[in-house]
Amino acid sequence: MSDAIDTALVAVNLGTPEAPTAPAVRRYLAEFLGDPRVVSIPPLLWKPLLHGLILPLRGPRSAANYAKVWMDEGSPLLVHTLRLAAALQQRLPDWHVRPAMRYGTPALRATLRELRAAGARRLVILPLYPQYSTTTTASVADVVAEETQGMDVTLIEDYSVDAGWVAAVADSIRRYRHQHGSGSHLLFSFHGLPQRVADVGDPYPQRCRDSAHAIAAALGLDTTQWSLAYQSRFGRERWLEPSTIQALDRLASSGERQVDVVCPGFAVDCLETLEEVALGLAEHFQAKGGRLAYIPCLNDAPTHADALAHLASCAVGREA
């Protein structure tokens, strides 16, 4: 970066271990679960439990799950995020597009410091979480606030009903069903959230409902043809309901035998979509006598890159 950068777009995803091994997973989870935005238990109580029990137990198990979906190029989340950033760079040739991770590498904090040192005049921060939550987007905002004082920064907090993004998701569902056949029911599976977080005002559940309604409307589905659920629970406390596995059990009990599942809370495919849904929940539903078809995330699809480039441009008053 020898020349000063006018406008930089930082596309921020959650993060991923550097390898599908227990030590790498433990390092990643220590940073992720050590964020008070993610787990709000007082550190004096939480850190001994995290490092003494959770990481030793969860590290090997999670590493085995990562190994099931690991790509030749690396972690699916990282690979697809890098490809998406490259696609955004093609659409924004006058910008400098950088991928970053809130946890792990390439680290968001280091990326912001590099851009400051390079003389970036304007930053557009795009957390790749379509639906705002205090547990995700707000954590990105925390780091941005700490590292960009005095800089011209625009943070895109939410695009849960952005017209371009909704059209891209609907188009991906439509094309998948045209190529592979259509299930009798479409299940929207979003990442879960502890109920207590929603109870104190986190808007995430409503944003998920807004996204699902908008996508279903774009597909012309009536309320009997789709439903919404939440996956990826952790711990024993109450989480948003229904869980995806509960929803699938209810669909099986009601006679549904072909269900399509889409995860529009994830910008790109990752452990939670590929291992948890496409493998684990598909096997669970098959045992109930049904067939679960997982519809991939948008990843670096042209329609996805088009929508996000337009979103970023509009955020600073420019048309992509």
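Helices and strands are DSSP runs, of at least four residues for a helix and at least two for a strand, and they are numbered from the N terminus. The legends below use these numbers for a predicted model.

**View 1. The whole protein, with its helices and strands.** In this predicted model, the protein contains 11 helices and 8 strands, and its C-alpha atoms fill a box of roughly 60 × 50 × 40 Å along the principal axes. A compact globule of 320 residues would have a radius of gyration near 20 Å, and the protein agrees with this because its own value is 20 Å. Buried residues make up 53% of the 320 residues, while the accessible surface comes to about 14,100 Å², with 52% of that area belonging to carbon and sulfur atoms. Among the contacts with a separation of 6 or more, 77% are between residues 24 or more positions apart in the sequence.

**View 2. Leu115 and the residues around it in helix 4.** Leu115 lies in helix 4, which covers residues 108-117, and Leu115 counts as buried because its relative accessibility is 0%, where the cut-off for buried is under 20%. When residues up to four places away in sequence are not counted, Leu115 touches Ile5, Ala8, Val10, His96, Arg98, Ala120 and Leu123. Arg196, by contrast, is 81 residues from Leu115 in sequence, and the C-alpha atoms of Leu115 and Arg196 are 37 Å apart in space.

**View 3. Gln131 in a loop, with its polar contact to Ser211.** Gln131 is found in the loop that runs between strand 3 (122-127) and helix 5 (137-147), and, at a relative accessibility of 2%, Gln131 counts as buried. The side chains of Gln131 and Ser211 are joined by a polar contact of 2.9 Å. Leaving aside neighbours within four places in sequence, the residues in contact with Gln131 include Asp158, Ser160, Trp165, Phe190, Tyr204, Arg207, Cys208 and Ser211.

**View 4. Tyr230 in strand 6 and its contacts.** Tyr230 has its place in strand 6, made up of residues 226-231, and Tyr230 is buried, with a relative accessible area of 3%. Among the residues that Tyr230 touches, not counting those up to four places away in sequence, are Phe190, His191, Gly192, Tyr204, Pro205, Cys208 and Arg209, together with Leu240, Glu241 and Pro242. Tyr230 and Arg209 are 21 residues apart in sequence, and their C-alpha atoms are 11 Å apart in space.

Key: Residues are numbered from 1 along each chain as its sequence is written. This is a predicted model: local features need pLDDT of at least 70, side-chain atom pairs count only at pLDDT 80 or more; totals for chains, interfaces and linings use all residues. Side-chain values use heavy atoms; hydrogens and water are left out. The radius of gyration is taken over C-alpha atoms; the globule rule is 2.2 Å times the number of residues to the power 0.38. Buried means under 20% relative accessible area, exposed over 50%, partly exposed in between (1.4 Å probe, protein chains only). Contact means heavy atoms within 4.5 Å. Accessible areas come from the Shrake-Rupley method with a 1.4 Å probe; for residues, only the protein chains shown count as cover. A polar contact is a pair of N or O atoms within 3.5 Å; within protein, one must be able to donate a hydrogen and the other to accept it, and residues adjacent in sequence count only if both atoms are side-chain atoms.
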